[in-house]
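This report takes up a few local features of one protein model. Please keep the sequence and the coordinates open while reading.

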Amino acid sequence: MKKKLVIALGGNALLQRGEALSAENQQRSIQLFARMVSELARDYQLVIVHGNGPQVGLLALQNAAYRESPAWPLDILVAESQGMIGYAIAEGVSQYADALPVTTLLTRVVVDPEDEAFQAPGKFIGPVYPAEQKAALEQQHGWQVKADGQYVRRVVPSPAPLKIVDSAAIETLMAAGHLVICCGGGGIPVVEHEHGYQGVEAVIDKDLTAAVLAQSIDADMLLILTDADAVYQDWGTPQARALRKVTIEELAPFAAPDGAMGPKAAAVIQFVRRSGNPAFIGALKDAPQILSGEKGTCIH
């Protein structure tokens, strides 16, 4: 029986910081990812969770540009991003593994309406802007804007994922041999309601959702692919060095709520601590080498 591998693919790995947020650029990254997935599918049963930070931010900008109707809420835009990114990944994977059934599943994820994240937005979405535009962006759009490296970027609430509403459907598809693309953008954020579920204005962190999903399906490994090739000690300094193999205790200082590496570190710590299985962080282009221990960071 193949080992279960959950892959969390960052939205920033599909659309790099600073490049045009175009379907063409995204498709180029998806082609690279799809080739790797076809290789990994020979040895693993795969479930793919993708991010949507740049994409959902772009949808929000496009949505706000049409002033003849009210802007649509973030939960609907997350659903839209699940469809458009999931479709593109499914099409790409099918080109290289045409015998493998691939299904993209619209997925809802429960959050706590009292989560502190609603009062302290910290999830980056959309394109990056020059730092000197911060005040103008906040005034023009009514956004909250924070530093993202040398740039600034819009931030929105990112409550913790509690439960995957559609987990039974995911497991049914897996049992039927499907490669499942699910929980896109961290899942459509919903809260429990007297008549079922109700969407809320937020974007859930996809790495934390991937950890919840990996635990719920008893995954053997969790792989987080991003635009950084590893976790680095002393990042941004001349002393920076890649960490190749670390314990969850050694990784703990990196799990700060910074909207960048912090959620990734928190997600893998959560998965490794609760499952006892390894997790990995690294660059999209290095996926096979990350799992073999040649590149990236292994957390055990």
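The text below treats one helix, one sheet and three loop residues.

The model is a predicted one, in which local features need pLDDT of at least 70 and side-chain atom pairs count only at pLDDT 80 or more, while totals for chains, interfaces and linings use all residues. Residues are numbered from 1 along each chain as its sequence is written, and side-chain values use heavy atoms, with hydrogens and water left out.

Helices (H or I, at least four residues) and strands (E, at least two) are DSSP runs numbered from the N terminus. Helix H3, residues 53-65, comprises 13 residues and spans 19 Å from its first C-alpha to its last, close to the 18 Å expected at 1.5 Å a residue; the expected span is 1.5 Å times one less than the number of residues. Buried residues in H3 include Gly53, Pro54, Val56, Leu59 and Asn63, where buried means under 20% relative accessible area, exposed over 50%, and partly exposed in between, with a 1.4 Å probe and protein chains only. The cover over the buried residues of H3 includes helices H1 (11-14), H2 (23-40) and H4 (74-96), together with strands S5 (123-130) and S7 (151-156).

An open sheet is formed by 4 strands in the order S8-S4-S10-S11, with mixed pairing. Strand S8 (163-164) and strand S11 (196-199) stand at its edges, each with a single partner strand, so one side of each has no neighbour in the sheet. Two strands pair if DSSP finds at least two bridges between them. Strand S4 (residues 108-110) runs parallel to S10 and is joined to S10 by 3 bridges, and Arg108 has Ile188 of S10 as its bridge partner.

Two residues that are not glycines have a positive phi, and both lie in loops, as tabulated here.

| Residue | Phi | Loop between | Relative accessible area |
|---|---|---|---|
| Cys183 | about 55 degrees | S9 (179-181) and S10 (188-193) | 0%, buried |
| Asp218 | about 55 degrees | H7 (206-216) and S12 (221-226) | 59%, exposed |

Asp286 is placed in the loop between strand S16 (279-283) and helix H10 (287-291), and Asp286 counts as buried because its relative accessibility is 5%. Its side chain makes a polar contact of 3.3 Å with the side chain of Lys285; such a contact is a pair of N or O atoms within 3.5 Å, where within protein one must be able to donate a hydrogen and the other to accept it, and residues adjacent in sequence count only if both atoms are side-chain atoms. Leaving aside residues up to four places away in sequence, Asp286 touches Met36, Asp229 and Lys295, contact meaning heavy atoms within 4.5 Å.
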